[in-house]
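Welcome to a short tour of a protein chain. Have the structure ready, and look up each residue as we come to it.

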Amino acid sequence: MTDRLRIRADVRSDGPLRIRTGEEGENADLAVATDQRGLPLLTGTGLTGALRAEVAVRFGSDPAREAFGSIDKEAKPSRVSVFDADYTGPSTVRPEIRHHVVMSRHRLAAIDGALYSEEVWPHGL
C-alpha cells in the first residue's frame, strides 16, 4: 500500500511571473504560458521545480533528491506528484510586455540589434 498525502494550497506571486512556453508570442519575443481561456497557467513541472529548489535551500540536496528523485547514476523516481494550478483570479488579467536589451560583458554596453520583449504575468496573481 502506498501512503498518500494531498496538499491543496493557494499561491500568490510576490513578483511578476515568467512562465515560458518556449515559443514566440503574438506581441512579444518570449511568451507566457496560458490555458485554453488565455489565462495564466502555472504548470505542475514549474511548481515542482520551485518546490524542489526551496527544499534544497532549506534542507539540503539529499532531502530534495529523496523527495523529488534524481537522474544521477543511482536514479530514483520522484515521490512527489504536483499538478497544474488552477487560476481563480479575474478573467480580465492580461500579460504585461517588458522590453530589454542584451548587454555585452566586454564593452559593458548594449549589443546592436539585441532588443527583445517578453510577456510577464503581473505581480500579485
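Two residues are in contact when heavy atoms of theirs lie within 4.5 Å. Keep in mind that this is a predicted model.

**A residue in strand 2**

Let us put that definition to use on Ser117, a residue of strand 2. Which residues does Ser117 touch, leaving aside neighbours within four places in sequence? Its contacts are Asn27, Ala28, Asp29 and Leu30, together with Ile97, Arg98 and His99. Is Ser117 buried or exposed? Its relative accessible area is 8%, and buried means under 20%, so Ser117 is buried.

**Nonpolar residues inside and outside**

In soluble globular proteins, nonpolar side chains tend to be buried together. Here, the largest nonpolar core has six residues: Val32, Leu39, Tyr87, Val93, Trp121 and Leu125. You can pick one of these core members, Leu125, and follow its contacts. Not counting residues up to four places away in sequence, Leu125 touches Val11, Arg12, Ser13, Pro40, Tyr87 and Val93. Tyr87 and Val93 also belong to the core.

Now turn to the surface. Leu30, Val102, Ile111 and Tyr116 form a nonpolar patch there. Together, these four residues have about 280 Å² of accessible area. Leu30 has come up before, as a contact of Ser117. Ile111 sits in strand 2, which covers residues 109-120. With a relative accessible area of 37%, Ile111 is partly exposed.

**A residue in the loop**

Go to the loop between strand 1 (96-104) and strand 2, and you will find Leu108. Leu108 is not a glycine, although it has a positive phi of about 55°. Why does Leu108 count as exposed? Its relative accessibility is 69%, and exposed means over 50%, so Leu108 falls in that class.

**Salt bridges**

How many salt bridges does the structure hold? There are eight, and the table shows three of them, with the distance between N and O atoms.

| Salt bridge | N to O distance |
|---|---|
| Glu118 and Arg20 | 2.2 Å |
| Lys76 and Glu66 | 3.7 Å |
| Arg98 and Glu96 | 3.0 Å |

Start with the bridge between Glu118 and Arg20. This pair links distant parts of the chain, 98 residues apart: Glu118 is in strand 2, while Arg20 is in the segment before helix 1 (44-59). Glu118 counts as buried, at 6% relative accessibility, whereas Arg20 counts as partly exposed, at 32%.

The next bridge joins the side chains of Lys76 and Glu66. Lys76 lies in the loop between helix 2 (61-68) and strand 1, and Glu66 lies in helix 2, so their bridge ties together parts that are 10 residues apart in sequence. Lys76 is partly exposed, with a relative accessible area of 44%, and Glu66 is partly exposed too, at 39%.

Last in the table come Arg98 and Glu96. Arg98 is partly exposed at 29% relative accessibility, and Glu96 is partly exposed at 32%. Beyond single pairs, salt bridges that share partners join Arg18, Arg20 and Glu118 into one network.

Terms used: Residues are numbered from 1 along each chain as its sequence is written. This is a predicted model: local features need pLDDT of at least 70, side-chain atom pairs count only at pLDDT 80 or more; totals for chains, interfaces and linings use all residues. Side-chain values use heavy atoms; hydrogens and water are left out. Patches are made of residues with over 30% relative accessible area and no salt bridge: like charges are joined within 9 Å, nonpolar side chains (Val, Leu, Ile, Met, Phe, Trp, Tyr) within 5 Å. Accessible areas come from the Shrake-Rupley method with a 1.4 Å probe; for residues, only the protein chains shown count as cover. Helices (H or I, at least four residues) and strands (E, at least two) are DSSP runs, numbered from the N terminus. Buried means under 20% relative accessible area, exposed over 50%, partly exposed in between (1.4 Å probe, protein chains only). A nonpolar core is a set of buried Ala, Val, Leu, Ile, Met, Phe, Trp, Tyr and Cys residues joined through side-chain atoms within 4.5 Å.
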